[in-house]
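Let's take a walk along the backbone of this protein and stop at the places where its geometry does something out of the ordinary. Have the model open as you read.

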Amino acid sequence: MSGIQTMGQKNLMFFSGRAYPELAEEVAKNLGVEITPTTLRDFANGEIYVRYLESVRGCDAFIIQSHTAPINKWIMEQLIMVDALKRASAKRVTVIMPFFGYARQDKKGRGREPITARLMADLFKQAGADRLMSIDLHTSQIQGFFDGPVDHLFAMPILIDYLRDKVDPATTTIVSPDTGRVRLAERWSDSLNTPVAFIHKRRDLDVANQVKVNEVVGKVRGRTCVLIDDMIDTGGSICKAADALYDHGATNVVVAATHAVFSEPAVDRLKNSRISEVVVTNTLPIPEAARFDKLTVLSIAPLIARAITEVFTDGSVTSLFEGDS
């Protein structure tokens with residue numbers, strides 16, 4: 001016999017950056033593991049230092065970091081953590097980014113613009129990531145930007161489970177805020193057995209976060225409208241969409257979104273809007289100051305933990321979504 005055979009077993013190790021430790025702890029609890037002790041600190045000039053306090057040689061490493069504000073710092077910290085793991089001989093590194101930073105910049109709308117979502121994928125690959133895991137990417141094409149497996153998870157089952165007992169399918173319409181979300185709206189309607197509508201809007205290319213709502217297409221008069229989106233940033237688009245639905249005869253508007261970015265002045269806009277409820281997940285931290293009476297936050301941690309388990313055991317992530325992954 002040539003070579004050496006070992007009877008070693010796979011070893012899962014779970015790591016977290018500093019952006020959102022509460023979510024990391026919840027995921028670790030669902031996994032039944034401890035977060036690997038790690039030294040993370042800033043030098044006086046803002047540079048980030050990382051060192052793992054246990055051996056990571058040969059491990060199957062999973063690093064979670066939510067790309068929240070200050071977003072560039074936390075992305076850089078996660079990149080450095082990946083680099084440290086590869087240099088310490090981790091066998092495989094899976095980067096978990098519940099919210100994929102820069103995902104909105106996934107194509108060139110005009111000349112001389114970057115495709116920053118592709119740059120993000122390249123950076124993590126160059127740092128040493130073997131696999132990416134994210135939830136509700138802004139567009140599915142981002143999966144093709146990374147040269148390796150991408151686990152695209154969906155929050156839709158979690159949001160639908162919550163709303164199923166709150167709405168009557170006979171008087172409810174699922175509404176896409178733009179034409180780009182119509183396919184997602186159709187999947188929602190298939191699950192809830194409701195019709196679909198969408199809002200035709202024109203975005204101001206020269207002013208960020210500015211949208212002009214044009215018209216509503218679909219059956220909304222006299223109905224409860226569930227307005228779905230992947231993220232709420234400043235809240236301008238979603239509030240204008242809700243106003244358009246009410247103007248077209250909707251009796252109630254509920255908003256369901258995955259990522260609560262909540263940049264200013266989103267909270268004030270949502271609180272003062274005619275929206276009856278805003279349902280989001282905790283892919284991003286939501287401080288107490290940003291919480292309001294109409295807000296419902298659902299936990300994404302069990303989904304992430306199940307996906308990690310499937311990846312670690314060489315199972316099927318697709319099975320989590322009944323073949324719709």
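What follows is a short tour of unusual peptide bonds and phi angles in this predicted model.

A bit of background helps. Most peptide bonds are trans, and most residues other than glycine have a negative phi. With that in mind, the spots below are worth a look.

Start with the peptide bonds. Ala69 and Pro70 are joined by a cis bond, with omega at about -5°. Where does Pro70 sit? Look in the loop between strand 4 (60-64) and helix 2 (71-87). Now scroll further along the chain to Glu264, where the peptide bond to Pro265 is cis too, its omega near 0°. Pro265 belongs to the loop that lies between strand 12 (252-260) and helix 7 (266-271).

Next come the phi angles. Go back to the loop between strand 5 (92-97) and helix 3 (116-127), and you'll find Tyr102 there. Tyr102 isn't a glycine, yet its phi is positive, about 70°. The loop between strand 5 and helix 3 also holds Arg112. Arg112 is no glycine either, and its phi is positive at about 70°.

So how do these residues sit with respect to the surface: is Tyr102 buried, exposed or partly exposed? Its relative accessible area is 28%, so Tyr102 counts as partly exposed. And Arg112, buried or exposed? Exposed means over 50% relative accessible area, and Arg112 comes in at 83%, so it counts as exposed.

Notes: Residues are numbered from 1 along each chain as its sequence is written. This is a predicted model: local features need pLDDT of at least 70, side-chain atom pairs count only at pLDDT 80 or more; totals for chains, interfaces and linings use all residues. Side-chain values use heavy atoms; hydrogens and water are left out. Helices (H or I, at least four residues) and strands (E, at least two) are DSSP runs, numbered from the N terminus. Buried means under 20% relative accessible area, exposed over 50%, partly exposed in between (1.4 Å probe, protein chains only).
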